[in-house]
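Here is a short briefing on one structure. Look at the sequence and the 3D view, then read the points below.

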Protein chains: 2
Amino acid sequence: MSAHGTAEDAVLGDLGEAGVLEAILPSAPRSRAVTLGPGDDAALVAAPDGRVVATTDVLVEGQDFRRDWSSGADVGWKAAAQNLADVAAMGAFPTALLVGLAAPPALPVAWARDLVEGLTACCEPWDVGLAGGDLSAADQVVVSVTALGDLRGGEPVLRGGARPGDVLALAGVLGHSGAGLALLAEGLAGSEAVADGLLAAALVAHRRPAPPLGAGPAARVAGAHALMDVSDGLLRDAGRIAAASGVVLDLDESALDVDHPLLVAVARVLDEGVEPRERCLRWILVGGEDHGLLAAFAPGTAVPEGFRVIGTVRDADEGPSVLVDGRPLTAFGGGFDHFS
Amino acid sequence: MSAHGTAEDAVLGDLGEAGVLEAILPSAPRSRAVTLGPGDDAALVAAPDGRVVATTDVLVEGQDFRRDWSSGADVGWKAAAQNLADVAAMGAFPTALLVGLAAPPALPVAWARDLVEGLTACCEPWDVGLAGGDLSAADQVVVSVTALGDLRGGEPVLRGGARPGDVLALAGVLGHSGAGLALLAEGLAGSEAVADGLLAAALVAHRRPAPPLGAGPAARVAGAHALMDVSDGLLRDAGRIAAASGVVLDLDESALDVDHPLLVAVARVLDEGVEPRERCLRWILVGGEDHGLLAAFAPGTAVPEGFRVIGTVRDADEGPSVLVDGRPLTAFGGGFDHFS
C-alpha cells in the first residue's frame, strides 16, 4: 500500500469513481482564484474583470499522445500547458482548469495520479487551480481540459489586428517539440545518444512544452495588434493571423533560429540523406506544440522582454499569406490536422 | 449537396478539421453573454457577478449513450442539459458552453451537425451560447462539455447546508429517464406499443431530459439551505446531501409519484414477473439522468414554484443516510458508477 492507501498496481476499475477521485484529487492544483473547488455540482472561480476568458482542448491517446512515449505526468503537463497558452494568447492571466478524464477501467490508478501531478506541476507556478472535473470509462484515454482566465481590465488581443508595417515577434521556441517527437518516432528516445543534454532537452520540449505565459499579458500591455499561440506549426498559425488580419506575414529566415544547437543536435542524430538544415527548418515551420506566442506590434514598438522580431507584416496584394524572406514556401505541408 | 454545401454522406475525414468546423459552427447557439465566440485562441464570456460558476462533464459512446439509441441531436441536447443543470444546481444562471468532440474520422458530418443542433435546441431558450470548442480524432465518440454561469450577486447554494427540520423538495421528474432507458434496453423503442403517447414520452425523457433550470436560481432566492442536481439516482444523490450536511434525509414514499402514469405505462409493457410498482420505485430511487433539482428549505418556507415537498431532514443519529418512510432501503443498488 502506498501513502495514499492504494495498492500500487490498482487500476481504475478496482476503486470505482469515488475511490479514484479520493486517490487523485489531493494532488490537484489549488489557487486563490478558485474559491470553491471540486466536490459540489459546480465550482466558483474569481472573475474580477467581469468577463472570463475560456478555451477548451481535447487530447486523445494515440492521436495527441502515446502512453509509451509520455508518462501520465507528461500528458497532464502538456494538457495544462496548451490550454494555459491559449488563455495567455488573448493577453490574459490563467486562473483555473476543469479536466475531464475518460479512460479504460484497466488504466493504472498511478497513471491517473501522475496525470494530476503533471497538471499541478505546470499550473502551480502560475497560481492556476483545479476548478472541477469528471471521470468516465472509455476504450482509450481522453483528457479534455478547459482553461479560464482574467484580463484584469484590459482588452483581449485577437488574431485579426495585424497591420501592414507591423513587426512580427515571437516569444518562446520553435521546432523543439517537433525535434523531440522525431527522436521518439525514430525509436531513439531510449538510446545512449539521448544521454546527451541537448537530445534529452528535445524530449523534454516535446513532453513538457513550457509556453511563455507571462509574455501574453506583456504583449497586451505593450499594445500588441495581434497575438496567438503557435500550436499547429508556424506556417499554419501565421497563416491564421494573415487570414484574420487580411495581410501578408513575411518571416525572416535568419531570425528563425535554424541553427539552434538543440535542433542541430537532433538533426545530426537523424541524418540519413536529409540535410540537417532542412530538417531544422521543417521542425520550425510545420512542427507544432511548442506553444510560443506570435505577436504583431506597431513599427517602432520596443517589443516586450521575451519576444524577438522574426518578420514583418505586409500588404496583402494577392490575398493573405505567409512568406519566408519574401518568397512563398510550397515545399512544406500545412501543419497538423486531426482528420487528414 | 445540402444547403451547407456538404455532401449528405460526407464523413469527418472527408472535410478535415476546418471543413468540419465550417459545416457545424453555423448551427451553434449564440447568447448575449458570449461577447467573443469560437475562432480565436479563446472566447470571452460576460461574468458580471465577478465570479464564474463552472462545471464539466464527459459523455462517452457506449458508456453514456449509444448511437443506435440516440440521434446526434439527442446526444447534443443531453450533453448540454446535464451541464446546465449543474450550473442551476448552484443557484446560478447558465451563460455559455465549451464543447470538445473527439470522434472517428468515419463519423458522418451530419451526425456532428445534429449534435450541435441538439445543443442549440437545449441552450437557446436559456440564452446560453457556444464559447468555444475543439475537435480531435478518436476510436469512439467522446463529447466533453464545460458550462459557465453567473450568480447575479447571490451566494451559491451548496450540498452541505441541509439542517435537521428542513423540508426536502424536488423540482422536475424522477424515474422518467430510467423508464425510457428500460424501453430501449428491452428493444421496445421501435415497437408498435411505443406509438402510445406515454411510452414515446418516456423515450423523450431519456433522450432529451429537461432540467427545470429556472428552479435553481428560484431556490437560491427562496433561501434554500442545500441544492443539487439529481443525476445519478435519488438515493445516491440524496446520500451526497446527507453526507455533506451531516444529516439524515427521510423521503416520503407517497410523495415520490410512484403512480405517475408514464412510469406505470412503461412498467406494464415490461412486466414479466416483476410488480409494476416495484419497477417504478426502482426507476425513481436509482434511475438517474432526469436532472431534477433537490433542495432543502427551512421549515415553514413556501417552496418556490416548480418544487414539491418529498421528505424531511432529520438528525443523523447513526451517521448520515437516506431513509424512505423512516426505514433504510437496502434492496436497491447505489446508483450509477462508471467503473463498477
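In chain A, helix H8 (residues 261-270) is largely enclosed by the rest of the structure, because seven of its 10 residues are buried. The model is predicted. The points below cover this helix, the two copies of the chain, and the cavities.

**Helix H8 of chain A**
- A residue counts as buried when its relative accessible area is under 20%.
- The buried residues of H8(A) include the run Leu262(A), Leu263(A), Val264(A), Ala265(A), Val266(A) and Ala267(A).
- Leu270(A) is buried as well.
- These buried residues pack against three helices of chain A, namely H4 (176-185), H5 (197-207) and H9 (276-286).

**The two copies**
- A turn of 180 degrees with a shift of 0.0 Å along the axis lays chain B on chain A, with an RMSD of 0.0 Å.
- The two copies are therefore related as by a two-fold rotation axis.
- Within chain B, Gly50(B) has the C-alpha nearest the axis, 2.5 Å from it.
- Both copies use the same surface, since 98% of the contact residues of chain B recur in chain A.

**Cavities**
- There are three cavities of 30 Å³ or more.
- The largest cavity has a volume of about 40 Å³.
- Its lining consists of Val173(B), Leu174(B), Val230(B), Leu234(B), Ile284(B), Gly287(B), Gly288(B), Glu289(B), Asp290(B), His291(B) and Gly292(B).
- By type, the lining of the largest cavity has five nonpolar, four polar and two charged residues.
- Glycine counts as polar in this grouping.

How values were computed:
Residues are numbered from 1 along each chain as its sequence is written. Chains are lettered from A and ligands numbered from 1 in the order in which they are written. This is a predicted model: local features need pLDDT of at least 70, side-chain atom pairs count only at pLDDT 80 or more; totals for chains, interfaces and linings use all residues. Side-chain values use heavy atoms; hydrogens and water are left out. Buried means under 20% relative accessible area, exposed over 50%, partly exposed in between (1.4 Å probe, protein chains only). Helices (H or I, at least four residues) and strands (E, at least two) are DSSP runs, numbered from the N terminus. Contact means heavy atoms within 4.5 Å. On a 1 Å grid over the protein atoms alone, a cavity is a set of points where a 1.4 Å probe fits but cannot get out, and a pocket is an open set with protein on both sides within 12 Å along at least five of seven lines; lining residues have an atom within 4 Å of a point. Grid points are joined across faces, edges and corners, and a volume is the space filled by probe spheres set on the points. Copies are superposed by least squares on the C-alpha atoms of residues with pLDDT of at least 70 in both.
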